[in-house]
Amino acid sequence: MKKYLAEMIGTMVLVLMGCGVAVSLNCSSNCAEVANAGTVVGTALAFGLSVVAMAYTIGGVSGCHINPAITFGLLLNKKIELKEAAMYMVFQVIGAIVGSTLLWILTENAGLAGTGANDLQEGVSVAGGLLAEIIFTCVFVLVVLGATSKTNGATNNFAGLAIGLALVLVHLACIRYTGTSVNPARSIGPAIFQGGSALSNLWIFILGPFVGSAMAAVIWKIIDTEKAE
């Protein structure tokens, strides 16, 4: 149960801090415009730093997945059992909802709009958004699988930093298309409160990350050398 609670807390912090910064910096549907480059960088750093902070806080307890796509990738690579993976995902979603609730309370009392929900950005089609989520989740989960692999030896100590920086990079590249999810839980929580197209397009931010995670798991199985040693 401590592992599940750690995942819930970690995901709560990720959503509260990452989406909270997005709201504070007004990184909305037009946040990817050149004039708003600062909001993109700030939001990307917020999500990346949240992962780094939580990795060194709860990493020793639960491994700090705080993302169903990561848990799914580890499940496919037999790094976690099915029952435990399912419980991780449930508590990650709960944590995201709690984080979104706290953010909604803050924004409602501060006159701010939105909860940092993911949505298709201006001019981006459903296919384009889905493809972006698949590609960038694949890259992100591949980094996670590699950074935490035993074959990396001493560099495992810096896995949290590598993963956090990778998330910053992914946000910088993907935010123009979908606002960057690569994390179903991160999308579910805010969409519940924001509603509208964020909720109707939520399936993109659930399906895309899971498909991308599966692709990363396959790629890692192909290039991983752990079994050969």
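Visitor: Where is the place of Asn183?

Guide: This is a predicted model, and in it Asn183 sits in the loop between α6 (159–178) and α7 (184–194).

Visitor: Does being in a loop tell me about exposure? Is Asn183 buried or exposed?

Guide: Go by the relative accessible area: under 20% means buried. Asn183 has 3% relative accessibility, so Asn183 counts as buried.

Visitor: Which residues is Asn183 in contact with, leaving aside its neighbours within four places in sequence?

Guide: Leaving those neighbours aside, Asn183 is in contact with Leu14, Ile66, Asn67, Pro68, Phe205 and Pro209. You can also try a distance: the C-alpha atoms of Asn183 and Met17 are separated by 15 Å, and the two residues are 166 apart along the chain.

Visitor: Let's try a helix next. Where does Thr137 lie?

Guide: Look in helix α5, which covers residues 126–147. Thr137 has 0% relative accessibility, so Thr137 counts as buried. Setting aside neighbours within four places in sequence, Thr137 is in contact with Ala69, Val182, Pro209, Gly212 and Ser213.

Visitor: And the cysteines: how many disulfides does the structure hold?

Guide: Zero. Cys19 counts as buried, at 0% relative accessibility, and Cys174 counts as buried at 0% too.

Visitor: What about pairs of charged side chains?

Guide: Here's the general idea: side chains of opposite charge can pair when their charged atoms come close. This structure holds one salt bridge. In that salt bridge the side chains of Lys3 and Glu84 meet, at 3.2 Å from N to O. Lys3 lies in helix α1 and Glu84 in helix α4, so the pair ties together parts that are 81 residues apart in sequence.

Visitor: How exposed are the two partners, Lys3 and Glu84?

Guide: Lys3 is partly exposed, with a relative accessible area of 37%. Glu84 counts as partly exposed as well, at 22% relative accessibility.

Visitor: Last topic: pockets. How do I read one?

Guide: Rolling a probe the size of a water molecule over the atoms shows where empty space is left. In this model, the largest pocket holds about 660 Å³ of space. There are 42 residues lining the largest pocket, and the closest to its centre are Gly63, Cys64, Val144, Thr148 and Ile163. The elements giving two or more residues to that lining are α1 (2–24), α2 (37–62), α3 (68–76), α4 (82–110), α5 and α6.

Visitor: Which element gives the largest share of the lining of the largest pocket?

Guide: That's α2, with seven residues. Sorted by class, the lining of the largest pocket has 20 nonpolar, 15 polar and seven charged residues.

Terms used
Residues numbered from 1 in each chain as written. Predicted model: local features only at pLDDT ≥ 70, side-chain atom pairs only at ≥ 80, totals over all residues. Heavy atoms only, no water. Disulfide = S-S within 2.5 Å. Buried < 20%, exposed > 50% of the residue type's maximum accessible area, 1.4 Å probe, protein only. Helix = DSSP H or I, 4+ residues; strand = E, 2+ residues; numbered from the N terminus. Contact = heavy atoms within 4.5 Å. 1 Å grid on protein atoms, 1.4 Å probe; cavity = no way out; pocket = protein on both sides within 12 Å on 5 of 7 lines; lining within 4 Å. Points joined across faces, edges and corners; volume = space filled by probe spheres on them. Nonpolar A, V, L, I, M, F, W, Y, C, P; charged D, E, K, R; others polar. Salt bridge = Lys/Arg side-chain N within 4 Å of Asp/Glu carboxyl O.
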